[in-house]
Amino acid sequence: MEKIILTGDRPTGKLHLGHYVGSIKKRLEMQASNDYDKMYVMIADSQALTDNFDNPSKIRESVKEIILDYLACGLDPEKITFFIQSMIPELTEYTFYYLNLVTLARLERNPTVKNELQQKEFKNNIPVGFLCYPVSQAADITLFKATHIPVGVDQLPMLEQTNEIVRKFNSLYGNTLVECEAILPDNEICFRLPGIDGKNKMSKSLGNCIYLSDEEDILKEKVMKMYTDPNHIKVSDPGQIEGNVVFTYLDAFETPELFTKYCKDYVSLAELKKAYQKGGVGDMYIKKILFNILNDILTPIRERRKEYAKDMDKVYAILKQGTSNAREVAKTNLKEFKKALRIDYFD
Ligand code: TRP
């Protein structure tokens with residue numbers, strides 16, 4: 001069976017460190033491995049509209065930011081087909097027929113949707129489009145026959161629901177669709193990167209993000225503001241590691257090379273942690289190390305982003321070409337899909 005990688009992001013703002021460790025890093029790894037037949041990265045503007053239908057300009061603007069972030073991170077248009085979701089009308093057709101295979105109760109039980117519904121406080125006025133976005137996500141994945149999906153853990157319920165639809169479709173209409181599996185980050189600390197406030201997951205709406213495009217001075221400011229251990233008042237006080245965002249980020253981002261480059265006094269992160277717990281290591285000290293490590297990772301991304309931003313025509317051309325290639329695949333696969341559904345009348 002072919003190995004087809006597909007993933008995507010909602011364009012509701014720039015990408016942040018949570019996106020980076022949650023999925024972008026895996027994409028870069030998979031891209032470098034060359035061990036796949038096809039790789040797609042989709043900008044999910046239609047999905048973003050399901051809860052931003054009152055603000056289409058924000059979504060349109062964010063498409064630009066997201067493709068810049070992708071290219072800046074090193075995702076390579078020679079190896080990846082980038083496309084815009086709304087430009088593939090075949091996705092809407094898939095979604096329409098999938099709606100027959102899913103119950104309202106099942107949609108309401110989807111843990112990710114449930115969580116989002118709580119945050120949004122729609123009460124009894126839930127827009128149907130929003131509730132159904134997992135079905136449209138099943139279309140994104142299956143239209144391209146994707147088998148491997150690099151995503152964060154919050155997307156696992158979406159993939160589970162996708163595979164349920166696949167099984168139902170195949171059992172009713174014959175073996176047509178393929179199931180997919182999630183590709184999660186190797187390091188569990190990256191499953192759910194907290195925001196700099198330490199309270200919640202990093203999220204634009206909570207204002208606790210570090211963006212991949214943040215300038216050096218902004219990055220420094222954000223690291224210096226990070227939540228640590230509120231009881232670690234004097235340098236000599238023993239400090240706590242658990243819940244201390246600086247250490248969570250060090251766990252997520254350090255490599256032995258980066259650590260040695262920016263910390264001369266301790267041989268490893270484990271040793272630094274021990275010393276901090278014992279007392280005698282200040283918050284400023286650990287924040288400086290973290291800042292340097294993050295800045296080391298983000299500097300090339302920031303610079304590449306500026307280079308690409310100088311030539312937006314070229315950036316749009318990449319997106320246009322990818323979308324056109326994806327559309328060809330979509331047309332071919334839709335034919336097979338319609339045949340299975342016995343609605344291929346004039347073929
Ligand atoms: N729901 C994903 C997110 O919020 C975006 C997305 C849309 C996606 N379609 C997808 C991810 C298909 C993987 C596969 O980030």
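**Reasoning from values to terms in a predicted model**

Arg302 is a residue of helix 14 in this predicted model.

Q: Why is Arg302 counted as buried?
A: Buried means under 20% relative accessible area. Arg302 has a relative accessibility of 7%, so the residue counts as buried.

Q: What makes Arg302 and Glu215 far apart in sequence, and how far apart are they in space?
A: The two residues are 87 residues apart in sequence, while their C-alpha atoms are 7.5 Å apart.

Q: Why is Lys145 called partly exposed?
A: The term partly exposed covers values between the limits for buried, under 20%, and exposed, over 50%. Lys145 has 24% relative accessibility and therefore counts as partly exposed. Lys145 belongs to the loop between helix 8 and strand 4 (148-150).

Q: What is noted about the phi of Lys145?
A: Its phi is positive, about 55°, although Lys145 is not a glycine. Asn34, likewise a residue other than glycine, has a positive phi near 60°. Asn34 is located in the loop that joins helix 1 (17-33) and strand 2 (38-43).

Q: How do you know that the ligand has a polar contact with the side chain of Gln47?
A: A polar contact requires a pair of N or O atoms within 3.5 Å. A ligand nitrogen atom is 2.7 Å from an N or O atom in the side chain of Gln47, so the pair meets the definition. For the side chain of Asp140 the corresponding distance from a ligand nitrogen is 2.7 Å, and for that of Gln155 it is 2.9 Å. On its own the ligand has 370 Å² of accessible area, of which the protein covers 90%.

Q: Which residues surround the ligand most closely, and which elements supply them?
A: The shell has 13 residues, the closest being Met42, Gln47, Gln137, Asp140 and Gln155. Strand 1 (4-9) and helix 8 (133-143) each contribute at least two residues to the shell. By class, the shell holds six nonpolar, five polar and two charged residues.

Q: Which residues of the largest nonpolar core touch the most other members?
A: Among its 65 residues, these are Leu17, Tyr20, Tyr70, Phe82, Ile210, Tyr249 and Phe253. Helix 14 (residues 283-309) gives the largest share of this core, nine residues.

Q: Why is this core said to lie between domain 1 and domain 2?
A: Residues of the core come from both domain 1 (4-192 + 312-340) and domain 2 (216-306), so the core lies between them.

Key
Residues are numbered from 1 along each chain as its sequence is written. This is a predicted model: local features need pLDDT of at least 70, side-chain atom pairs count only at pLDDT 80 or more; totals for chains, interfaces and linings use all residues. Side-chain values use heavy atoms; hydrogens and water are left out. A residue is near a molecule or strand if one of its heavy atoms lies within 4 Å of it. A polar contact is a pair of N or O atoms within 3.5 Å; within protein, one must be able to donate a hydrogen and the other to accept it, and residues adjacent in sequence count only if both atoms are side-chain atoms. Accessible areas come from the Shrake-Rupley method with a 1.4 Å probe; for residues, only the protein chains shown count as cover. Helices (H or I, at least four residues) and strands (E, at least two) are DSSP runs, numbered from the N terminus. Ala, Val, Leu, Ile, Met, Phe, Trp, Tyr, Cys and Pro count as nonpolar, Asp, Glu, Lys and Arg as charged, and the others, Gly among them, as polar. A nonpolar core is a set of buried Ala, Val, Leu, Ile, Met, Phe, Trp, Tyr and Cys residues joined through side-chain atoms within 4.5 Å. Buried means under 20% relative accessible area, exposed over 50%, partly exposed in between (1.4 Å probe, protein chains only). Domain bounds come from an automatic or database domain assignment.
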